[in-house]
Amino acid sequence: MCNWIRNLATSISKKGGIFMFIRAQFSSQLASISDFVITILLAKLFNFYYVYATLLGSVCGGIINCIINYKWTFKTTDLKIQHVMVKYFIVWIGSIALNTWGTYLMTEALMRIPWLVDFLKHYVDDLFIVSKIVVSLLVGYFWNYNLHRHFVYRNRKIKQFFSKNKADNY
């Protein structure tokens with residue numbers, strides 16, 4: 001039984017494709033847990049406005065995600081950490097904006113549906129937590145994972161996109 005678990009862990013850790021997706025999801029979950037813990041602590045314990053708490057939670061989760069992805073998920077040994085950090089920062093700004101504004105817009109929209117607010121109050125203390133979960137899942141897959149896989153942790157020649165000679169781009 002122990003060998004089976006060890007072989008599975010080795011396969012997930014070394015192979016690409018679906019295994020890379022599994023590693024990315026694991027990394028994302030660790031980052032999300034830290035993001036949510038910090039967000040909820042700031043909002044509930046320290047009475048931060050939920051939008052600011054979401055922003056700070058996203059920042060902490062992003063730092064954790066970048067480190068795990070660089071070292072383990074995408075195994076970017078051929079890229080300089082400085083290049084990854086610049087590209088990650090660009091994608092991360094978009095992610096933070098999407099998470100923060102998406103949580104705000106969804107929360108405000110849901111609060112205008114009285115029957116839904118009454119129903120959800122039986123299960124969650126604050127409506128923004130439901131919004132944060134839904135938005136973070138959507139942003140995580142459709143924005144973060146795809147941009148990390150195809151842009152941040154790949155060696156892309158960005159200079160070619162800014163070249164004046166269009167023939168050089170082909």
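1. Burial and overall make-up. Of the chain's 170 residues, 35% count as buried. The model is predicted. Its secondary structure amounts to six helices and zero strands. Along the sequence the pattern reads α-α-α-α-α-α. Take the contacts between residues at least 6 apart in sequence: 71% of them join residues at least 24 apart.

2. The main core. The largest nonpolar core has 13 residues. Phe 74, Val 84, Tyr 88, Val 152 and Tyr 153 touch the most other members. Three helices, α3 (50-73), α4 (81-110) and α6 (127-152), each supply at least two residues of this core. The most comes from α4, which gives five residues.

3. A further core. Apart from the largest core lies another, of seven residues. Leu 42, Ala 43, Tyr 50 and Ile 129 are among them.

4. Val 152. This residue belongs to the largest nonpolar core. Leaving out residues up to four places away in sequence, Val 152 touches Leu 79, Val 84, Lys 87, Tyr 88, Val 91 and Leu 147. Two of these partners, Val 84 and Tyr 88, are named with Val 152 among the core residues that touch the most other members.

5. The α2/α6 pair. The two axes come within 11 Å and cross at roughly 145°. The crossing is right-handed. On the α2 side the meeting residues are Met 20, Phe 21, Ala 24, Gln 25, Asp 35, Phe 36, Thr 39, Ile 40 and Ala 43. On the α6 side they are Phe 128, Ile 129, Lys 132, Ile 133, Ser 136, Tyr 141, Tyr 145 and Arg 149. Ala 43 of α2 and Ile 129 of α6 appear in this list; both are also members of the seven-residue core.

6. Thr 39. Thr 39 sits in helix α2 (residues 18-45). Thr 39 counts as buried because its relative accessibility is 0%, against a cut-off of under 20%. A polar atom of its side chain lies 2.8 Å from the backbone oxygen of Asp 35. Beyond four places in sequence, Thr 39 touches Ala 53, Thr 54, Gly 57, Phe 128 and Lys 132. Phe 128 and Lys 132 are among the α6 residues that meet α2.

7. Thr 107. Here is another threonine with a side chain that reaches a backbone oxygen. Thr 107 lies in helix α4. Its relative accessible area is 2%, so Thr 107 is buried. The side chain reaches the backbone oxygen of Thr 103 at 2.7 Å. Not counting residues up to four places away in sequence, Thr 107 touches Tyr 50, Leu 127, Phe 128 and Ser 131. Phe 128 is also on the contact list of Thr 39. Tyr 50 is a member of the seven-residue core.

8. Cysteines. Which label fits Cys 60 and which fits Cys 66, buried or partly exposed? Cys 60 is partly exposed because its relative accessible area is 31%. Cys 66 counts as buried, at 12% relative accessibility. The structure holds zero disulfides.

9. Cys 60 and its surroundings. Cys 60 lies in helix α3. Leaving out residues up to four places away in sequence, Cys 60 touches Ser 34 and Ile 38. Its C-alpha atom is separated by 9.6 Å from that of Thr 39. Along the chain these two residues are 21 residues apart.

10. The loop between α2 and α3. Where does Asn 47 sit? Asn 47 is found in the loop between α2 and α3. Its phi is near 55°, a positive value in a residue other than glycine. Asn 47 is exposed because its relative accessible area is 66%. That backbone angle deserves a look in the viewer.

11. Phe 48. Phe 48 is also placed in the loop between α2 and α3. At 36% relative accessibility, Phe 48 counts as partly exposed. Outside four places in sequence, Phe 48 touches Leu 42, Ala 43, Ala 53 and Leu 56. Leu 42 and Ala 43 belong to the seven-residue core. Ala 53 is also touched by Thr 39.

Key. Residues are numbered from 1 along each chain as its sequence is written. This is a predicted model: local features need pLDDT of at least 70, side-chain atom pairs count only at pLDDT 80 or more; totals for chains, interfaces and linings use all residues. Side-chain values use heavy atoms; hydrogens and water are left out. Helices (H or I, at least four residues) and strands (E, at least two) are DSSP runs, numbered from the N terminus. Buried means under 20% relative accessible area, exposed over 50%, partly exposed in between (1.4 Å probe, protein chains only). A polar contact is a pair of N or O atoms within 3.5 Å; within protein, one must be able to donate a hydrogen and the other to accept it, and residues adjacent in sequence count only if both atoms are side-chain atoms. Contact means heavy atoms within 4.5 Å. A nonpolar core is a set of buried Ala, Val, Leu, Ile, Met, Phe, Trp, Tyr and Cys residues joined through side-chain atoms within 4.5 Å. A disulfide is a pair of cysteine sulfur atoms within 2.5 Å. Axes are lines fitted to C-alpha atoms, for helices over the stretch in contact, and angles run from 0 to 180 degrees between N-to-C directions. A crossing is left-handed if the near helix is turned anticlockwise from the far one by less than a right angle, and right-handed if clockwise.
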